[in-house]
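Let's take a stroll through this model and look at how some of its side chains meet. Charged groups come up early, and rings follow.

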Amino acid sequence: QVQLVESGGGLVQPGGSLRLSCAASGSIFSIYDMGWYRQTPGKQRELVTMSTSAGNTNYVDSVKGRFTISRDNAKNTVYLQMNSLKLEDTAVYYCYAKLLLWGRKVAYDYWGRGTQVTVSS
């Protein structure tokens, strides 16, 4: 069984910072992409940032220069450092990973349960 467990969400004032973490555990043979999505009520889940196994990263335009994704492959963990937070960053943030499990031939998408980030004065 595979789990992605997020932590680090919370309430922060505009201009503040938060750091999200997501640890993958289970019968994992290899991790390909890891990243973060976010969703607000009534809207589709949107990609915030992705880190590929090749070391490439991409960001949605609205967070460029403010958010930074990083990975610790030894710990199967991905981080999201969020600086200069804005009201519009308020959302549930979901961890994502494309994982190849032991004994499998195909990698599949896995999701965390989400962590709430609220930016408010």
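## A buried arginine

Start with Arg38, which is buried, with a relative accessible area of 7%. Keep in mind as you look around that this is a predicted model.

So who does Arg38 pair up with? One partner is Glu46: the two form a salt bridge, and their closest N and O atoms are 2.6 Å apart. Glu46 counts as partly exposed because its relative accessibility is 30%, and the cut-off for buried is under 20%. Another partner is Asp89, again through a salt bridge, this time with the closest N and O atoms 3.0 Å apart. That pair links distant parts of the chain, since Arg38 sits in strand β4 (residues 28-39) and Asp89 in the loop between β8 and β9, 51 residues apart.

## Asp89 and its company

Now hop over to Asp89 itself. You'll find Asp89 in the loop between β8 (77-82) and β9 (91-101). Is Asp89 buried or exposed? It's buried, with a relative accessible area of 1%.

Asp89 also has a salt bridge with Arg66, where the side chains come to 2.7 Å, N to O. Here too the pair links distant parts of the chain: Asp89 is in its loop between β8 and β9, while Arg66 is in the loop between β6 (57-59) and β7 (67-72), 23 residues apart. Arg66 counts as buried as well, at 10% relative accessibility. Put these salt bridges together and, through shared partners, Arg38, Glu46, Arg66 and Asp89 end up in one network.

There's further company around Asp89. Setting aside neighbours within four places in sequence, the residues in contact with Asp89 include Val63, Phe67, Ser84, Val117 and Val119. As for salt bridges in general, how many does the structure hold? The count is 5.

## Rings that meet

Time for the aromatic side chains, where the count comes to 4 aromatic pairs. Take Phe29 and Trp102: they form an edge-to-face pair, 4.6 Å centre to centre, with 80 degrees between the planes. Phe29 lies in strand β4 and Trp102 in the loop between β9 and β10 (108-111), so this pair ties together parts that are 73 residues apart in sequence. Phe29 counts as partly exposed at 48% relative accessibility, whereas Trp102 is exposed, with a relative accessible area of 58%.

Then there are Tyr37 and Tyr96, whose ring centres are 5.9 Å apart with planes at 65 degrees, so that pair is edge-to-face. Tyr37 belongs to strand β4 and Tyr96 to strand β9, so the pair ties together parts that are 59 residues apart in sequence. Tyr37 is buried, with a relative accessible area of 19%, and Tyr96 counts as buried at 7% relative accessibility. Which residues make up the aromatic cluster with Tyr37? Tyr96 and Trp111 join Tyr37 in one cluster.

## Arginines over rings

Trp111 has a charged visitor, too: Arg45 lies over the face of Trp111, at 4.8 Å from the ring centre. Elsewhere in the list of such arrangements, Arg19 lies over the face of Tyr79, at 4.1 Å from the ring centre.

## Pulling it together

If you want two spots to revisit, go back to the salt-bridge network of Arg38, Glu46, Arg66 and Asp89, and then to the aromatic cluster of Tyr37, Tyr96 and Trp111.

How values were computed:
Residues are numbered from 1 along each chain as its sequence is written. This is a predicted model: local features need pLDDT of at least 70, side-chain atom pairs count only at pLDDT 80 or more; totals for chains, interfaces and linings use all residues. Side-chain values use heavy atoms; hydrogens and water are left out. Helices (H or I, at least four residues) and strands (E, at least two) are DSSP runs, numbered from the N terminus. Contact means heavy atoms within 4.5 Å. A salt bridge is a side-chain nitrogen of Lys or Arg within 4 Å of a carboxyl oxygen of Asp or Glu. Buried means under 20% relative accessible area, exposed over 50%, partly exposed in between (1.4 Å probe, protein chains only). Rings of Phe, Tyr and Trp (its six-membered ring) pair if their centres lie within 6.5 Å; planes under 30 degrees apart count as stacked, over 60 as edge-to-face and the rest as tilted. A charge sits over a ring if NZ of Lys or CZ of Arg is within 6 Å of the ring centre and within 35 degrees of the ring normal.
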